[in-house]
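Grab a coffee and work through these exercises with the viewer open. Each one gives you a task, then a solution in steps.

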Amino acid sequence: MASLHLLLAFLLVAASTVRADQDAFIGVNIGTDLSDMPHPTQVVALLKAQNIRHIRLYDADRGMLVALANTGIQVIVSVLTALPNAAPVLVNALRFIHSALVASNLDRQIKVSTPLSSSIILDSFPPSQAFFNSSLNSVLVPMLSFLQSTGSYLMLNVYPYYDYMQSNGVIPLDYALFKPLLPTKEAVDANTLLHYTNVFDATVDAAYFAMAFLNFTNIPVVVTESGWPSKGDSNERDATVDNANTYNSNLIRHVLNKTGTPKHPGIAVSTYIYELYNEDTKPGPLSEKNWGLFDANGNPVYILHLTGSGLVLANDTTNQTYCAAKEGADQKMLQAALDWACGAGKVDCSPLMQGGPCYEPDTVMAHATYAFDTYYHQMGKAPGTCDFNGVAAITTSNPSHGSCIFSGR
């Protein structure tokens, strides 16, 4: 029950909090277990630079709240820490805070909820057979009743990384990372015939089905924590920069594209990424210190691959721009544009030759991105020089990889 903390969704702007019909958003968690925690004004400056409009704080730090005032950034704030044996008082505490909000005429703007670990969902696959740990029903039933009656939402922490690590090889890495799967590799719920292409969607739908099992069907889900560590101990070999980048980039696209889940397609599943900073003083294995998108100086741990996903968390802080091949672009059109750039476009494509620094990966998309970006910069980043008949787009995500370096200048 240690996972049942009490949280107040405290918004510093006069705007409604998360609703089922609201546009999906990406937020971030901000932990403070850093040996050199940035000043609140530095934190807010980074949030603004990254167009992050939704955050979650683990304590009501006065300095941080003052810095956030009048910024338009919406904030979830913890108002009760994790307490041993807190379950008996949980729902009463929720009701007490809600009553105070009603008395202040703030109950429509500010919602009260509590985050739950997805581990309380038993038999999570197939999702249609999922149910909550029945030993918690004495708390969960009145809590869900409160959430439904107040128009609040279920806060769920979803960690495909841990599901993958604890599955003993049953869960494929690609399925955990949102990577494209062949139809034959998709997980199928035999009861609903719904197809699942990633752990995240299956877990969220399991929560919907578990609530329905208790006769609650109108409570939207918000994912309060999800992410992937970029470094780990020797027994955490899949905690890598590449996997963290892949997971978080795919997660952001998945949420902002309003994909929804197989059970509720098109319904927003807004998500808070865990987390903004690497927390170097956090206890536990090495991975616990390496969930952040940025280091304490505000430098990105990796450059997210977010071409076409809008401005949020395009986390290159240098204002550099690049020209990249669009994901899903027609291969023949990409090849034709690549041939033109290396020919009439007068791009030096020798680095793409076998043995060259940009030969690997030997794919049309990767080679086209190199050629497109080189041409774009040769032309002084002039308008219209990153189009290539619609198969290229400007991005702030640095395509550099291995020995293939893109300067962005």
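## Exercise 1: two residues with unusual backbone angles

**Task.** Find where K346 sits, and work out whether K346 is buried or exposed.

**Solution.** Start with the place: K346 is in the loop between helix 9 and helix 10. Keep in mind that you're looking at a predicted model. Next, check the backbone: phi at K346 is positive, about 60°, even though K346 isn't a glycine. Then the accessibility: K346 has a relative accessible area of 72%, and anything over 50% counts as exposed, so K346 is exposed.

Now do the same for N389. N389 belongs to the loop between helix 10 and strand 15 (392–395). Its phi is positive as well, at about 55°, and N389 is not a glycine either. With a relative accessible area of 69%, N389 goes down as exposed.

## Exercise 2: cis peptide bonds

**Task.** Which peptide bond leading into P361 is cis, and what is its omega?

**Solution.** Go to the loop between helix 9 (331–342) and helix 10, where P361 is placed. Step back to E360: the bond from E360 to P361 is cis, with omega near -5°.

For another case, look at the bond from Y274 to E275, which is cis with omega near 10°. E275 lies in the loop between strand 13 and strand 14.

## Exercise 3: a serine under the surface

**Task.** Is S270 buried or exposed, and which backbone nitrogen lies 3.0 Å from a polar atom of its side chain?

**Solution.** First, locate S270 in the loop between helix 8 and strand 13 (271–273). Second, apply the cut-off: buried means under 20% relative accessible area, and S270 has 2%, so S270 is buried. Third, list who touches S270, skipping neighbours within four places in sequence: D23, A24, F25, V222, V223 and V255. Finally, pick out F25 from that list. The backbone nitrogen of F25 is the one 3.0 Å from a polar atom of the S270 side chain.

## Exercise 4: neighbours along the chain and across it

**Task.** How many residues along the chain separate Q148 and I219, and how far apart are their C-alpha atoms?

**Solution.** Begin in helix 4 (residues 137–150), which holds Q148. Q148 counts as partly exposed, at 32% relative accessibility. Then look across to I219: it is 71 residues away along the chain, yet the two C-alpha atoms are separated by 5.8 Å. Besides I219, Q148 contacts F216, T217 and N218, with neighbours within four places left aside.

Try D123 next, in the loop between strand 7 and strand 8 (131–132). D123 and N133 are ten residues apart along the chain, with 9.5 Å between their C-alpha atoms. Leaving out neighbours within four places, D123 touches Q129, A130 and F131.

To put this in context, zoom out to the whole chain. Of contacts between residues at least 6 apart in sequence, 70% join residues at least 24 apart. The chain has ten helices and 15 strands, and 51% of its 409 residues count as buried.

## Exercise 5: the two largest pockets

**Task.** Which element supplies the largest share of the lining of the largest pocket?

**Solution.** Size it up: the largest pocket holds about 1100 Å³ of space. Its lining has 33 residues, and those closest to the centre are T246, R253, H305, E327 and M365. Helix 8 (241–256), strand 14 (322–325) and helix 10 (364–378) each give at least two lining residues. Helix 8 supplies the largest share, with nine. Sort the lining by class and you get twelve nonpolar, 17 polar and four charged residues. Domain 1 (26–294) and domain 2 (322–395) each contribute at least three residues.

**Task.** Which residues lie nearest the centre of the second largest pocket?

**Solution.** This pocket has a volume of about 610 Å³. Of its 25 lining residues, S118, S119, S124, D163 and T203 lie nearest the centre. Two or more lining residues come from each of strand 6 (115–117), strand 7 (121–122), helix 5 (160–165) and helix 7 (199–213). Helix 7 gives the largest share, three residues. By class, the lining of the second largest pocket has twelve nonpolar, nine polar and four charged residues.

Definitions and conventions:
Residues are numbered from 1 along each chain as its sequence is written. This is a predicted model: local features need pLDDT of at least 70, side-chain atom pairs count only at pLDDT 80 or more; totals for chains, interfaces and linings use all residues. Side-chain values use heavy atoms; hydrogens and water are left out. On a 1 Å grid over the protein atoms alone, a cavity is a set of points where a 1.4 Å probe fits but cannot get out, and a pocket is an open set with protein on both sides within 12 Å along at least five of seven lines; lining residues have an atom within 4 Å of a point. Grid points are joined across faces, edges and corners, and a volume is the space filled by probe spheres set on the points. Helices (H or I, at least four residues) and strands (E, at least two) are DSSP runs, numbered from the N terminus. Ala, Val, Leu, Ile, Met, Phe, Trp, Tyr, Cys and Pro count as nonpolar, Asp, Glu, Lys and Arg as charged, and the others, Gly among them, as polar. Domain bounds come from an automatic or database domain assignment. Buried means under 20% relative accessible area, exposed over 50%, partly exposed in between (1.4 Å probe, protein chains only). A polar contact is a pair of N or O atoms within 3.5 Å; within protein, one must be able to donate a hydrogen and the other to accept it, and residues adjacent in sequence count only if both atoms are side-chain atoms. Contact means heavy atoms within 4.5 Å.
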